[in-house]
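Subject: Structure handover

Hello,

Here is the structure I promised to pass on. Please open it first, then read my notes below.

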Amino acid sequence: MELEAWDVDVRDVIRQAAARLRRAVDEGEPVAALTGAGVSVESGIPTFRGGGGAFWAGFRSEDLATPEAFRRHPEKVWEWYHQRRQFVMSAQSNPAHKALAALEAVHPHFTLITQNVDGLHQRAGSKRVVELHGSLHQKRCLDCGLISPIPPDAEGVMYCDLCGGVARPHIVWFGEMLPPHAWRQAEEAAARAGVMLVVGTSAQVYPAAGLVEIAAAAGADVIEVNPEPSALAWLARWAIRLPAGEALPQLMRAAGLPTEP
Ligand code: OAD
């Protein structure tokens, strides 16, 4: 079979990016990854801006993912989040999540930062995940602030395990600040990274997208993994225009690194 010029080009990009990644691993240089909804597409979870699935359709998230909505209808908001949690629990992690977990396992100076709330990175074996937008699997007490896990089969309004106060989903809603500790960790990791992987994010939502700018400004080599150019594609030294579930295992293999943890 003859190769299209495009295939040769993608392979060349992967080869160069892999060599850079390998050098970082060999030299103990910090590597960061910022992931977005695209990394979970091959697990069957739709993105926010790409259409491509029925799950979020039918819900106007702007109407439910707000503190005002929660004050007015906590039971409705919880019902929506319980459904979302059940949905992601029925999904499986994919080769993209696994490749990132493998990178963490071989490189102690790797920081995985995600905008996703689905928990699929952890299910693939990632242990140190900075969750910028919270998690579908956690609740936060409105009274004492305790963050605790939601039992898988939970229903209805949730309460704090410690003080009994009303708890809300531990999710960043429209107009809210990011969890300060997570943001600090992410900012530091972006600023020190020699290589930054930007995987499956449209890079349109700030402050998360700003991490790519922080990394690039500090001199990191940015590797974008996305079938489509993100808003910050121009900052990328290499852009691998393939689905993450194909691109990341290929990148790891080309770097001589494992594809699973
Ligand atoms: P978006 O829906 O904005 O972007 C998804 C990106 O994934 C797009 O750039 C797609 O091209 C890309 N994509 C699609 N399929 C892919 C695949 N198989 N492999 C790799 N990439 C693929 O999602 P995010 O950038 O994550 O915030 O959105 C950021 C934030 O906006 C979300 O975390 C959410 C939302 O408002 C909060 O909930 C706070």
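Domain bounds here come from an automatic or database domain assignment. Please keep in mind that this is a predicted model.

Domains first. The assignment splits the protein chain into domain 1 (1-45 + 93-133 + 178-261) and domain 2 (49-90 + 134-171). Their C-alpha centres are 27 Å apart. Where they touch, 14 residues of domain 1 contact 13 residues of domain 2.

Now the chain overall. It has 9 helices and 9 strands. Its radius of gyration is 19 Å, and the globule rule gives 18 Å for 261 residues, so the protein chain is as compact as a globular protein of that length. Along the principal axes, the C-alpha atoms fill a box of roughly 60 × 40 × 30 Å.

Next, packing. Of the 261 residues, 51% are buried. Take the contacts between residues at least 6 apart in sequence: 66% of these join residues at least 24 apart.

Then the surface. The protein chain exposes about 12300 Å². Carbon and sulfur atoms supply 54% of that area. One nonpolar surface patch covers about 270 Å². Which residues make this patch? They are Leu 142, Tyr 159 and Val 166.

Look at Leu 142 in particular. It sits in the loop between β4 (134-141) and β5 (147-149). Is Leu 142 buried, partly exposed or exposed? Its relative accessibility is 49%, so Leu 142 counts as partly exposed. The cut-off for exposed is over 50%.

Best wishes

Conventions. Residues are numbered from 1 along each chain as its sequence is written. This is a predicted model: local features need pLDDT of at least 70, side-chain atom pairs count only at pLDDT 80 or more; totals for chains, interfaces and linings use all residues. Side-chain values use heavy atoms; hydrogens and water are left out. Patches are made of residues with over 30% relative accessible area and no salt bridge: like charges are joined within 9 Å, nonpolar side chains (Val, Leu, Ile, Met, Phe, Trp, Tyr) within 5 Å. Accessible areas come from the Shrake-Rupley method with a 1.4 Å probe; for residues, only the protein chains shown count as cover. A salt bridge is a side-chain nitrogen of Lys or Arg within 4 Å of a carboxyl oxygen of Asp or Glu. Helices (H or I, at least four residues) and strands (E, at least two) are DSSP runs, numbered from the N terminus. Buried means under 20% relative accessible area, exposed over 50%, partly exposed in between (1.4 Å probe, protein chains only). The radius of gyration is taken over C-alpha atoms; the globule rule is 2.2 Å times the number of residues to the power 0.38. Contact means heavy atoms within 4.5 Å.
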